[in-house]
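Dear colleague,

I am passing on the structure below, together with some notes on what was found in it. Please look it over first, and then read on with the structure open beside the text.

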Amino acid sequence: MQELVFLKLGGSLITDKTRPFTPQLDVMETLAQQIKIALHSHPDLRLVLGHGSGSFGHVPAGEYRTRDGLPPKPTPLTHRERDENDDSYWKGFAEVWYQASMLNRYVMEALHNVEVRAMSLSPSSSVIVSGGNVAVWDTTPLRMAISAGIVPVIHGDVVFDEVRGGTILSTEDLFSYLARALQPERVLLAGSEAGVWEEFPTRTKKVGNITPKSFDEVSAGVGKALGADVTGGMESKVRQMLSLVQELPGLTVQIFSGDEPGNLIRVLAGEVLGTLITA
């Protein structure tokens, strides 16, 4: 029986989110090697790989407010002022795309160097959204890559929006849509944290299991992210994954540290580490 697993390499894991445009190349190399070992050890494992944008995409996205879409156009503005506002937005949109693509290239290079068969399928070229929600996504190339034993790689990216003009979709946004379409058994979110903490950033107690019923008890302390992040940080991720496990029976989500040696191999093999999110 083949098992389909979604794996995200978080931006906090593969970049230094406190320093703009700083990749963690040694970390990427180690993670790529672990992915190779896991795929070799478990031939029935099928993987969709995603990664965050970390200190690459989030820095210009914060500067240009790319996720919010085109700025509003109050009537007192002249046509020239409106055009200048629009031009600034699209300048930022293209810059976020460039930086996210740069980081993706580092990830793809790490996978290529250890001979993992992988292909990058950029969301900006295939996804159209409407008001922040995916409206069109032809997933045929992604499905065919999986069938061919090739790891499709997606990442947080800019996308065109029929309502806002443009916006940003996080890897969790993309996984949420794909999970409904492809029905994976597990979603694995590898980051720099050992799991979800009841008190962040003090990290006094790790939460072992989260359900929709239990999350309200700890949500106030979960917090956002250290460093640049325009997509909501940990609390937003957990809420999004809780909605997903409620909608898709049997799906489980794990949030765990990808920094710990061997963790990726263990989790891909089925071991439960970090924080488990279930319905």
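Salt bridges come first: the structure, which is a predicted model, holds 9 of them, and three are described here one by one. As background, side chains of opposite charge can pair when their charged atoms come close.

One of these salt bridges joins Asp173 to Arg67, with 3.5 Å between the closest N and O atoms. Asp173 belongs to helix H6 (residues 171–182), whereas Arg67 sits in the loop between helix H3 (54–64) and helix H4 (79–113), so the pair ties together parts of the chain that are 106 residues apart in sequence. Asp173 has a relative accessibility of 17% and counts as buried, because buried means under 20% relative accessible area. Arg67, with a relative accessible area of 24%, is partly exposed.

Helix H6 takes part in another salt bridge as well, in which the side chains of Glu247 and Arg180 meet at 2.9 Å, N to O. This pair also links distant parts of the chain, since Glu247 lies in helix H8 (residues 233–247) and Arg180 in helix H6, 67 residues apart. Glu247 is partly exposed at 43% relative accessibility, and Arg180 is likewise partly exposed, its relative accessible area being 37%.

A further salt bridge is formed by the side chains of Arg266 and Glu271, with an N to O distance of 2.6 Å. Arg266 counts as partly exposed at 36% relative accessibility, and Glu271 counts as partly exposed at 34%.

Turning to a single residue in helix H4, you may wish to look at Asn104, which is buried, with a relative accessible area of 8%. Leaving aside residues up to four places away in sequence, Asn104 touches His51, Ser120, Val153 and His155.

The next element to examine is helix H5 (residues 140–147), in which Leu142, Ala145 and Ile146 are buried. These residues cover an arc of only 100° around the axis, and therefore lie on the same side of H5. On the face of H5 that is turned away from its buried side, you will find the exposed residues Met144 and Ser147. What do the buried residues of H5 pack against? Their partners are strand S1 (3–9), strand S2 (45–51), strand S5 (133–137), strand S6 (151–155) and helix H6. After the end of H5 comes Gly149, which has a positive phi, near 80°.

The packing of H5 against H6 deserves a separate paragraph. In general, two packed helices are described by the angle between their axes and the distance between the axes. For H5 and H6 the angle is about 65°, and the axes are 12 Å apart. The two helices are therefore roughly perpendicular to each other, because angles of 65 to 115 degrees are counted in that way. H5 passes H6 in a right-handed crossing, and the contact is made by Leu142, Arg143 and Ile146 of H5 together with Leu178, Ala181 and Leu182 of H6.

To draw the parts together, helix H6 appears in several of these findings: Asp173 of H6 pairs with Arg67, Arg180 of H6 pairs with Glu247 of H8, and H6 is among the elements against which the buried residues of H5 pack.

With kind regards

Notes. Residues are numbered from 1 along each chain as its sequence is written. This is a predicted model: local features need pLDDT of at least 70, side-chain atom pairs count only at pLDDT 80 or more; totals for chains, interfaces and linings use all residues. Side-chain values use heavy atoms; hydrogens and water are left out. A salt bridge is a side-chain nitrogen of Lys or Arg within 4 Å of a carboxyl oxygen of Asp or Glu. Helices (H or I, at least four residues) and strands (E, at least two) are DSSP runs, numbered from the N terminus. Buried means under 20% relative accessible area, exposed over 50%, partly exposed in between (1.4 Å probe, protein chains only). Contact means heavy atoms within 4.5 Å. The arc is that of the directions from the helix axis to the C-beta atoms. Axes are lines fitted to C-alpha atoms, for helices over the stretch in contact, and angles run from 0 to 180 degrees between N-to-C directions. Angles under 35 degrees count as roughly parallel, over 145 as roughly antiparallel, 65 to 115 as roughly perpendicular and the rest as oblique. A crossing is left-handed if the near helix is turned anticlockwise from the far one by less than a right angle, and right-handed if clockwise.
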